[in-house]
Amino acid sequence: MKMIVPERQWVLATGGAGYIGSHVVVELVAAGFGVVILDNFENASPDVLTRLARITGFDIPVVRGDVRDKSKVAETLMRYGIDIVIHLAGKKSVGESVSGPLDYYNANVGGGIAVLEAMRETGVGKLVFSSSATVYKAGGAGTLDENAPVGPSNPYGRTKAMLEEIITDTVASRGLTRAISLRYFNPAGAHHSGLIGENPTAKPNNLFPFIAQTAAGLHPKVLIFGDDYPTPDGTGVRDYIHVVDLARGHVAAVEHLVANAATADHLRVNLGTGAGYSVRAAVAAFSGACGFDVPFEVVARRPGDIAICVADPGRAKQLLGWTAKLSFEQMCADQWAFHRTCEDHNTDRLVVSG
Ligand code: WQD
């Protein structure tokens with residue numbers, strides 16, 4: 001297998017072996033960037049590396065390590081001549097953050113600070129940060145633009161909001177040249193090859209992998225958490241975005257940083273489609289993708305859930321020239337194809353979930 005000889009800059013993807021990260025790596029390589037993965041493989045399977053080689057045609061350089069190890073990050077930045085960092089490494093379960101907040105502050109805030117310190121020490125000045133729509137204050141009417149009030153309601157969201165502020169202060173102090181924080185809405189789906197996707201070995205917290213595993217026979221039914229929300233069919237409405245569209249949003253952010261390298265600022269940008277789908281609609285669409293009715297039962301609301309969370313994606317279009325292109329049905333089809341590949345390869349459920 002070939003080593004990458006990029007025509008463009010070198011990018012370090014922390015957490016690049018995870019669910020989002022692996023898709024970002026594929027799109028960066030396709031766009032001509034060199035990519036290095038730094039990952040501790042706490043939430044990703046080494047198997048994803050051979051799958052990335054099959055998809056990209058290249059052996060992606062990989063450094064096994066934890067972003068909290070500042071010297072390891074700095075050494076990696078220097079060894080590969082990194083120009084830009086995409087910081088994806090971190091923990092991402094809302095529920096887990098409530099039961100174990102210190103682990104989340106340590107991993108997400110502590111890890112982020114270590115990455116920023118390593119960048120400052122090595123003079124790497126451009127950062128894309130994996131933030132989240134969970135930074136927004138719950139209960140807003142309509143779609144959320146980047147000026148919507150910030151007010152996370154759980155430790156996971158607070159770690160993301162805190163790191164955004166830390167990045168702003170670091171840019172202001174010239175410790176970073178410029179940064180873009182990408183506020184993800186609800187990632188779903190998988191690469192069309194069926195080789196990479198999200199299929200947690202533990203019981204999934206998120207809806208899409210749970211529906212897919214139920215369709216694959218791993219759970220008896222999907223539990224719909226409440227149908228008494230103020231929404232058209234009473235179930236929760238979210239802005240699901242295909243993980244490949246999300247990955248392409250990262251490439252657009254990197255290209256924006258490269259093209260405007262002299263401007264010192266920290267932009268917040270939503271990555272969403274602007275369209276909301278309910279839980280019932282997700283179960284119905286997935287049933288269409290797999291060709292049979294996925295069983296479900298309506299149960300009590302999940303504590304902390306909100307009724308509606310949908311993006312206003314206007315800034316991404318205006319500033320980055322990016323819009324989501326892949327449909328809700330495509331997310332279902334690609335997620336199902338990925339699960340079929342996992343079953344066909346009889347792999348231990350590929351842990352690629354970041
Ligand atoms: C979606 C909808 C549930 C599971 C998560 C995390 C975080 C963030 C966005 C990046 C809700 C309902 C779910 C189930 C259900 N990503 N549901 N049965 O809670 O919107 O946010 O994704 O930062 O990862 O905050 O996503 O997939 O858990 O829930 O009825 O078994 O599906 O009530 O309405 P959520 P989710």
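Which residue just after α2 takes a positive phi? Keep that in mind while we look around; the answer comes up when we reach the helix.

**The whole protein**

Start with everything on screen. What you have open is a predicted model. Show it as a cartoon and you can pick out 11 helices and 16 strands. Turn it along its principal axes, and the C-alpha atoms fill a box of roughly 55 × 45 × 35 Å. The radius of gyration is 19 Å, which agrees with the value near 20 Å for a compact globule of 354 residues.

Now switch on the surface. About 14100 Å² is accessible, and 51% of that belongs to carbon and sulfur atoms. Underneath, buried residues make up 55% of the 354 residues. Colour by charge if you like: the mean positions of the 32 positive and 36 negative charges lie 2 Å apart.

**Stop 1: E7**

Select E7, in the loop between β1 (2-3) and β2 (10-14). Is E7 buried or exposed? It is exposed, because its relative accessible area is 70%, over the 50% cut-off. Add G32 to your selection: E7 and G32 sit 25 residues apart in sequence, yet their C-alpha atoms are 5.8 Å apart in space.

**Stop 2: F41 and helix α2**

Move on to F41, in the loop between β3 (34-39) and α2. Check its backbone: phi is positive, about 60°, although F41 is not a glycine. F41 counts as buried because its relative accessible area is 14%, under the 20% limit.

Next, select residues 47-56, which form helix α2. Show the side chains of V48, L49, R51, L52, A53 and T56, which are buried. Just after the helix comes the answer to the opening question: G57, with a positive phi of about 85°.

**Stop 3: R174**

Jump to R174, in the loop between α6 (155-172) and β8 (178-184). Here is another residue other than glycine with a positive phi, near 65°. R174 has 66% relative accessibility, so it counts as exposed.

**Stop 4: D334**

Finish at helix α11 (residues 328-344), where you'll find D334. Which side chain of opposite charge is nearest to D334? That is R248, 9.0 Å away; D334 is buried yet has no salt bridge. To see what does touch D334, show A190, H192 and H242, its contacts once neighbours within four places in sequence are left aside.

Before you close the viewer, zoom back out. Of the contacts between residues at least 6 apart in sequence, 82% join residues at least 24 apart.

Technical notes. Residues are numbered from 1 along each chain as its sequence is written. This is a predicted model: local features need pLDDT of at least 70, side-chain atom pairs count only at pLDDT 80 or more; totals for chains, interfaces and linings use all residues. Side-chain values use heavy atoms; hydrogens and water are left out. Helices (H or I, at least four residues) and strands (E, at least two) are DSSP runs, numbered from the N terminus. The radius of gyration is taken over C-alpha atoms; the globule rule is 2.2 Å times the number of residues to the power 0.38. Buried means under 20% relative accessible area, exposed over 50%, partly exposed in between (1.4 Å probe, protein chains only). Contact means heavy atoms within 4.5 Å. Accessible areas come from the Shrake-Rupley method with a 1.4 Å probe; for residues, only the protein chains shown count as cover. Lys and Arg count as positive and Asp and Glu as negative; His and the chain ends are not counted. The place of a charge is taken as NZ of Lys, CZ of Arg, CG of Asp or CD of Glu. A salt bridge is a side-chain nitrogen of Lys or Arg within 4 Å of a carboxyl oxygen of Asp or Glu.
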